[in-house]
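Visitor: I should like to take a close look at a single part of this structure, and then to see it set in its surroundings. Please guide me through it.

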Amino acid sequence: MSEHGRRQPEESSDVTSEGRGGNRFDCSSADFDALYGAHAGPLIQQAVLLTGRARLARRAVERAFQTAWQRWPEVRADPDPVGWVRAAAYEYALAPWRRLFPGLRPAERPRPGTPAPPPAAPRDHALLTAVLALPVPYRRTLLLHDGVGLGLHETAAEVEASTPAATGRLTHARECLAEQLPELGLKGLPPDRQGAVLHARLGALAASRPAVPPPAHDVRAGAERRARLTTRTGFGATGLLAVVALAVSLGTPDGYRPPPRRPAMAAPYAPADPTAPPDPSAPSAAARAAAPSAVRPTHRPAHHRKAGRPGKPRHRSLPPGARLRPDVR
């Protein structure tokens, strides 16, 4: 079916709902429920392989769909809505602060009414342990390419890396799995064959851990509660800041006054001793008053001059009318 043929029933359904008194919100909720029902379960299984924690995987996917519902016009217009939700779920599950305090993690116990997962086979348990031992960038690249089935360019775009970097991570992850699990038979196989083997094994491992997501209307209701709580928190923080600012302004009604400046400390004045004899070298008061303000440079005396550089000879002034005559011997 062509793209125009696929869009035509959606447009006709919108027109029909508007003609019957419905609104576009009902159509948006229906589209969201369809997306959630088709991809919530597989995303939880993928998140379990990514983190090894069923409760965290369920919470990450639920939070990602709540964020998608809050920004549904943007997600609906995205070329790949499933990729948008998957990226949000992976980012929530792989947050760095979740790995800082592993001792504070809650115990992975099934909720009341949720059946406990069946015990995994030994080979599945070994594969999951080997995958979780990989660094987070390599684990995510391996799961997206060999588990989900994305191409190298799509994988690089989702992990926000270049294509050569994503290729290097994928190659390193496959080499680690080949060393830790020789029974997989990855050594000596071409890259395409390695991807096919890992795709089959990871798919079987994800299928062995069934996931039952909560209903879609509960997720939408939780997203709306979160939006209201965020709005109330923002208004509460703004009101608290306003009250604090008002209290500070009332506590200082005259405004801010800078501290008084201290006067500069003058040098202590010592009166002259009238009994002391006058200094003959000191200039008189009249000479000090007539002296210019600029300080003239002083010439060094002759005994301060450097050795080997005699001073310039001084020329005597001749009386007027005198004539110079050569010395006659």
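Which residues make the nonpolar surface patch of about 280 Å²?

Guide: The model is a predicted one. The nonpolar patch on its surface is formed by Leu 240, Val 244 and Val 248, and covers about 280 Å². Of these residues, Val 248 belongs to helix H11, which spans residues 216-251. Val 248 counts as exposed because its relative accessible area is 53%, and the cut-off for that class is over 50%.

The setting of this patch is the chain as a whole. Its secondary structure consists of twelve helices and zero strands, so that reading along the sequence gives α-α-α-α-α-α-α-α-α-α-α-α. The chain has 329 residues, and 26% of them count as buried. Its accessible surface amounts to about 24,000 Å², with 59% belonging to carbon and sulfur atoms. Among contacts between residues at least 6 apart in sequence, 70% join residues at least 24 apart.

A second exposed residue is found in a loop. Glu 160 lies between helix H8 (152-158) and helix H9. With a relative accessible area of 72%, Glu 160 is exposed. Its backbone is also of note: Glu 160 is not a glycine, yet its phi is positive, at about 60 degrees.

Helix H9 itself, residues 163-180, contains Arg 174. This arginine counts as buried because its relative accessibility is 8%, whereas the limit for burial is under 20%. A polar atom of the Arg 174 side chain lies 3.1 Å from the backbone oxygen of Pro 191. Setting aside residues up to four places away in sequence, Arg 174 touches Leu 142, His 145, Asp 146, Leu 186, Pro 191, Gln 194, Gly 195 and Leu 198. Pro 191 thus appears both in this list of contacts and as the owner of the backbone oxygen just described.

Another buried residue is Ile 44, in helix H2. Its relative accessible area is 6%, and it is therefore classed as buried. Beyond its neighbours within four places in sequence, Ile 44 is in contact with Ala 57, Arg 58, Val 61, Ala 211 and Pro 213. Between Ile 44 and Ala 89 the C-alpha to C-alpha distance is 9.0 Å, although 45 residues separate them in sequence.

Helix H2 also leads to the aromatic residues. The number of aromatic pairs is six. In one of them, Phe 32 and Trp 69 have ring centres 5.1 Å apart and planes at 55 degrees, so this pair is tilted. Phe 32 sits in helix H2 (residues 24-51) and Trp 69 in helix H3 (residues 54-70), so the pair ties together parts 37 residues apart in sequence. Both Phe 32 and Trp 69 are buried. Trp 69 pairs with Trp 72 as well, again in a tilted arrangement, with 6.5 Å from centre to centre and 40 degrees between the planes. Trp 72, like Trp 69, is buried. Ring pairs join Phe 32, Tyr 36, Phe 65, Trp 69 and Trp 72 into a cluster.

To return to the part you asked about, the patch of Leu 240, Val 244 and Val 248 is a nonpolar one on the surface, and Val 248 is exposed, while Arg 174 is buried and so is Ile 44.

How values were computed. Residues numbered from 1 in each chain as written. Predicted model: local features only at pLDDT ≥ 70, side-chain atom pairs only at ≥ 80, totals over all residues. Heavy atoms only, no water. Helix = DSSP H or I, 4+ residues; strand = E, 2+ residues; numbered from the N terminus. Buried < 20%, exposed > 50% of the residue type's maximum accessible area, 1.4 Å probe, protein only. Polar contact = N/O pair within 3.5 Å; in protein donor to acceptor, adjacent residues only side chain to side chain. Contact = heavy atoms within 4.5 Å. Patch = residues over 30% accessible without salt bridge, like charges linked within 9 Å, V, L, I, M, F, W, Y side chains within 5 Å. Areas by Shrake-Rupley, 256 points an atom, 1.4 Å probe, with all protein chains shown as cover. Salt bridge = Lys/Arg side-chain N within 4 Å of Asp/Glu carboxyl O. Phe/Tyr/Trp six-rings, centres within 6.5 Å; stacked < 30°, edge-to-face > 60°.
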